[in-house]
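Reader: I have a model open and want to learn how to read its features. Can we go through them one at a time?

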Amino acid sequence: MSWKWGGQMNNKCIYYVEGPCEQQLVAALKENPAKLIPGKIKVYNVVQNLIPKSQLLSIQCGTTIVLVFDTDVEQTTNLKKNLERLRKYCGRLYIVYLPQVLNLEDELVRCTDVQNVVELTRSNGVRNFKTDFCKLKVKDCRAMLERHGLKTERLWTTKVPEAFAFVESNSNRIKV
């Protein structure tokens, strides 16, 4: 299978997402008609934790690794270590960065027609938003995002804070 960037890939893709809300967003965007390339979603915070070596060794050569993470906490030590470990233990892979500036809620407000993220789910507050968002069925989540004019071309494209300057702006690589 040939992706947009022209390289031959083994058509394997793994999304490492920060939490269940990011898992919900990626799953909704993979629904037909797909806005993201297909792949397995793993909930794992790559900014706070190191990916276990056993997991790294199971990644096939040529796999696309997609890292979804918030940039509101300017701590990048583990993210940098994870990148080093991915390159060390995994053969020829392509890393796509989906930095959320500053977090998922900000990203969704920037890419939809709402002024406040609670308008998406009609939640009673920001605290309840995440719970309500994650409770949605994937198809209902996708429909809700489309109802609010989601512009996927704007997702994950905002300039990252200085601490994350080493992160390549390449979210377009996995958008369909």
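Reader: Start with helix H3. Across which strands does H3 lie?

Author: This is a predicted model. Helix H3, residues 77–89, lies across S3 and S4. Its direction runs at about 165 degrees to S4.

Reader: Now the strands. What is the general idea of a sheet, and what is the strand order here?

Author: Strands of a sheet pair through backbone hydrogen bonds, and the pairing is either parallel or antiparallel. Here four strands form an open sheet in the order S2-S1-S3-S4, with parallel pairing. S2 and S4 (94–100) are the edge strands, each pairing on one side only. On average, neighbouring strands of this sheet are turned by 20 degrees against each other, direction ignored.

Reader: Take one pair. How many bridges join S1 to S3?

Author: Five bridges join S1 to S3 (residues 64–70), and the two run parallel. For one bridge, look at Tyr 16: its partner in S3 is Leu 67.

Reader: Next, helix H1. Why is H1 described as largely enclosed by the rest of the structure?

Author: Start with the general idea. An α-helix has 3.6 residues a turn, so residues three or four places apart point the same way. Now count burial, with buried meaning under 20% relative accessible area. In H1, eight of the 11 residues are buried, so the helix is largely enclosed by the rest of the structure. The buried set is Cys 21, Glu 22, Gln 24, Leu 25, Val 26, Ala 27, Ala 28 and Leu 29.

Reader: After H1 comes a loop. Is Lys 35 buried, partly exposed or exposed?

Author: Lys 35 sits in the loop between H1 (20–30) and S2. Its relative accessibility is 29%, so Lys 35 counts as partly exposed.

Reader: Which residues does Lys 35 touch, leaving out those up to four places away in sequence?

Author: Lys 35 touches Leu 29, Arg 142, Glu 146, Thr 152, Ile 174, Lys 175 and Val 176. Consider Ile 174. It is 139 residues from Lys 35 along the chain, yet their C-alpha atoms are separated by 8.4 Å.

Reader: Last, empty space. How is it found, and what lines the largest pocket?

Author: Rolling a probe the size of a water molecule over the atoms shows where empty space is left. The largest pocket here holds about 170 Å³ of space. Its lining includes Lys 12, Cys 13, Ile 14, Gly 39, Lys 40 and Lys 42. Gln 55, Ser 58, Ile 59, Gln 60 and Thr 63 also line the pocket. S1 (13–17) and S2 (40–43) each supply at least two lining residues.

Reader: How do the lining residues divide by type?

Author: Three are nonpolar, five polar and three charged.

Key
Residues are numbered from 1 along each chain as its sequence is written. This is a predicted model: local features need pLDDT of at least 70, side-chain atom pairs count only at pLDDT 80 or more; totals for chains, interfaces and linings use all residues. Side-chain values use heavy atoms; hydrogens and water are left out. On a 1 Å grid over the protein atoms alone, a cavity is a set of points where a 1.4 Å probe fits but cannot get out, and a pocket is an open set with protein on both sides within 12 Å along at least five of seven lines; lining residues have an atom within 4 Å of a point. Grid points are joined across faces, edges and corners, and a volume is the space filled by probe spheres set on the points. Ala, Val, Leu, Ile, Met, Phe, Trp, Tyr, Cys and Pro count as nonpolar, Asp, Glu, Lys and Arg as charged, and the others, Gly among them, as polar. Buried means under 20% relative accessible area, exposed over 50%, partly exposed in between (1.4 Å probe, protein chains only). Contact means heavy atoms within 4.5 Å. Two strands pair if DSSP finds at least two bridges between them. Axes are lines fitted to C-alpha atoms, for helices over the stretch in contact, and angles run from 0 to 180 degrees between N-to-C directions.
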